[in-house]
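Please go through the sequence and the model below. The briefing that follows is grouped by topic.

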Amino acid sequence: MRHARRAAIGALLGSALLLGASLTAHADDTKITLGFSQVGAESAWRTANTVSVKSAAKDAGINLKFSDAQQKQENQIKAIRSYIAQKVDVIAFSPVVESGWEPVLIEAKNANIPVILTDRNIDVKDTSLYVTMIGSDFLEEGRRGGKWLEDHYKNDAGPINIAELQGTVGSAPANDRRAGLLEVIKNDPKFKVIASQSGDFTLAGGKQVMEAFIKTYGKQINVVYAHNDDMALGAIQAMEEAGIKPGKDVTVISFDATKGGFEAMVAGKINVDVECSPLLGPQLMTAVKEVVAGKSLPKRIVTEETIFPMSVAAQVLPQRKY
Ligand code: GZL
């Protein structure tokens with residue numbers, strides 16, 4: 001008798017466990033699935049952005065499908081097409097460049113899958129192809145860098161020759177950080193951009209381009225305007241190998257304000273770092289849930305950020321999150 005009772009209880013327990021499992025499985029099916037196409041892993045900023053997206057998806061209970069495009073637009077388009085085929089609930093991506101997105105975004109629209117842009121913007125006539133764009137105002141970042149430069153050299157008659165390390169060709173941050181600088185210095189003839197070339201947002205790219213600039217312009221260079229910290233750190237290596245003291249012989253302006261940028265400011269090798277926050281994950285997941293819930297979102301969600309001169313770096317560095 002006791003044996004039979006024990007067997008019955010065991011069977012009951014087993015089916016309860018099975019039921020529980022199937023409920024959880026069912027719960028997984030009702031989880032929101034987000035397909036995310038990331039630019040690549042080109043910089044410390046990008047790495048921090050990926051960590052933010054992945055951890056925020058986990059915290060939000062969102063099922064994340066993630067792909068790294070190795071900075072190639074065709075890989076992002078392929079990833080977006082695969083998310084459409086998998087019928088994800090929402091697609092989000094950080095567009096490596098501004099143009100060439102209409103065809104695949106029309107496919108997403110025809111599949112009734114909403115698209116959210118993060119980090120970088122796109123240049124499309126039909127802005128109904130995406131719900132919202134969450135990220136920095138790169139034009140304002142460029143203006144901040146330009147205004148700092150004007151103030152830094154307010155008592156210097158010039159000429160002030162600028163060597164510009166551009167980010168990825170055709171990308172919104174590269175286009176706008178350049179445009180913001182030129183907008184500020186255009187009425188001040190003492191400033192001249194004597195060299196400008198893309199280092200593709202990488203440390204190696206920044207070093208390679210700076211080596212070429214030093215060969216061609218040598219001591220004529222007064223300022224390095226680097227579109228991100230990784231290229232600035234590469235340029236610093238090139239300058240030191242050429243016996244140039246970055247931050248002293250040459251003023252270095254950089255963007256992102258990553259830990260590496262702060263450490264270089266503490267070491268006196270970067271003079272100012274314009275903040276560009278990669279911590280977009282939480283805002284993205286909130287937007288995803290709101291889109292799925294049918295709520296309307298603003299077309300543009302701008303991240304709050306500032307500028308850090310070298311003088312505050314040592315005090316601010318311990319609080320930095322990326
Ligand atoms: C800016 C981001 C840029 C960073 C670079 O939001 O798109 O790409 O400035 C990164 O570090 O590679």
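**E42 and its surroundings**

E42 sits in the loop that runs between β1 (33-38) and α2. The model is predicted. E42 has 10% relative accessibility. Buried means under 20%, so E42 counts as buried.

- The side chain of E42 makes a polar contact of 2.8 Å with the side chain of R46.
- Leaving aside residues up to four places away in sequence, E42 touches Q71, R120, F201, T202 and D230.
- R46, the polar partner of E42, is among the residues that lie nearest the centre of the largest cavity.
- R120 and F201, both touched by E42, also belong to that group nearest the cavity centre.

**The cavity**

- How many cavities of 30 Å³ or more does a search of the whole structure find? The search finds 1.
- The volume of the largest cavity is about 100 Å³.
- Its lining consists of 13 residues. W45, R46, R120, F201 and D256 lie nearest the centre.
- Sorted by class, the lining of the largest cavity holds 6 charged, 5 nonpolar and 2 polar residues.
- Two helices, α2 (44-60) and α6 (172-185), each supply at least two residues of this lining.
- Why does the largest cavity lie between domain 1 and domain 2? Both domain 1 (31-136 + 278-304) and domain 2 (138-276) give residues to its lining, so the cavity lies between them.

**The two domains**

- The protein is divided into domain 1 (31-136 + 278-304) and domain 2 (138-276).
- Domain 1 is thus written as two segments, 31-136 and 278-304.
- The contact between the domains takes 13 residues from domain 1 and 17 residues from domain 2.
- The C-alpha centres of domain 1 and domain 2 are 29 Å apart.

**S136, at the end of a domain 1 segment**

- S136 is the last residue of the domain 1 segment 31-136. S136 is placed in the loop between β5 (132-135) and α5.
- Is S136 buried or exposed? With 4% relative accessibility, S136 counts as buried.
- S136 touches D119, E141, C276, S277, R300, T303 and E305, with residues up to four places away in sequence not counted.
- Among these contacts, C276 is the last residue of the domain 2 range 138-276.

**Backbone points to check**

Most residues other than glycine have a negative phi, and most peptide bonds are trans. The following places depart from that pattern.

- F201 is not a glycine, yet its phi is positive, at about 65°. F201 lies in the loop between β7 (191-198) and α7 (203-217).
- F201 has 3% relative accessibility and counts as buried. F201 is also one of the residues nearest the centre of the largest cavity, and E42 touches F201.
- A257 likewise has a positive phi, near 60°, and is a residue other than glycine. A257 is found in the loop between β9 (251-256) and α9 (259-266).
- The relative accessibility of A257 is 0%, so A257 counts as buried.
- Which two residues are joined by a cis peptide bond? G158 and P159 are, with omega about 0°.
- P159 is placed in the loop between α5 (138-152) and β6 (160-166).

Terms used: Residues numbered from 1 in each chain as written. Predicted model: local features only at pLDDT ≥ 70, side-chain atom pairs only at ≥ 80, totals over all residues. Heavy atoms only, no water. 1 Å grid on protein atoms, 1.4 Å probe; cavity = no way out; pocket = protein on both sides within 12 Å on 5 of 7 lines; lining within 4 Å. Points joined across faces, edges and corners; volume = space filled by probe spheres on them. Helix = DSSP H or I, 4+ residues; strand = E, 2+ residues; numbered from the N terminus. Nonpolar A, V, L, I, M, F, W, Y, C, P; charged D, E, K, R; others polar. Domains from an automatic or database assignment. Buried < 20%, exposed > 50% of the residue type's maximum accessible area, 1.4 Å probe, protein only. Polar contact = N/O pair within 3.5 Å; in protein donor to acceptor, adjacent residues only side chain to side chain. Contact = heavy atoms within 4.5 Å.
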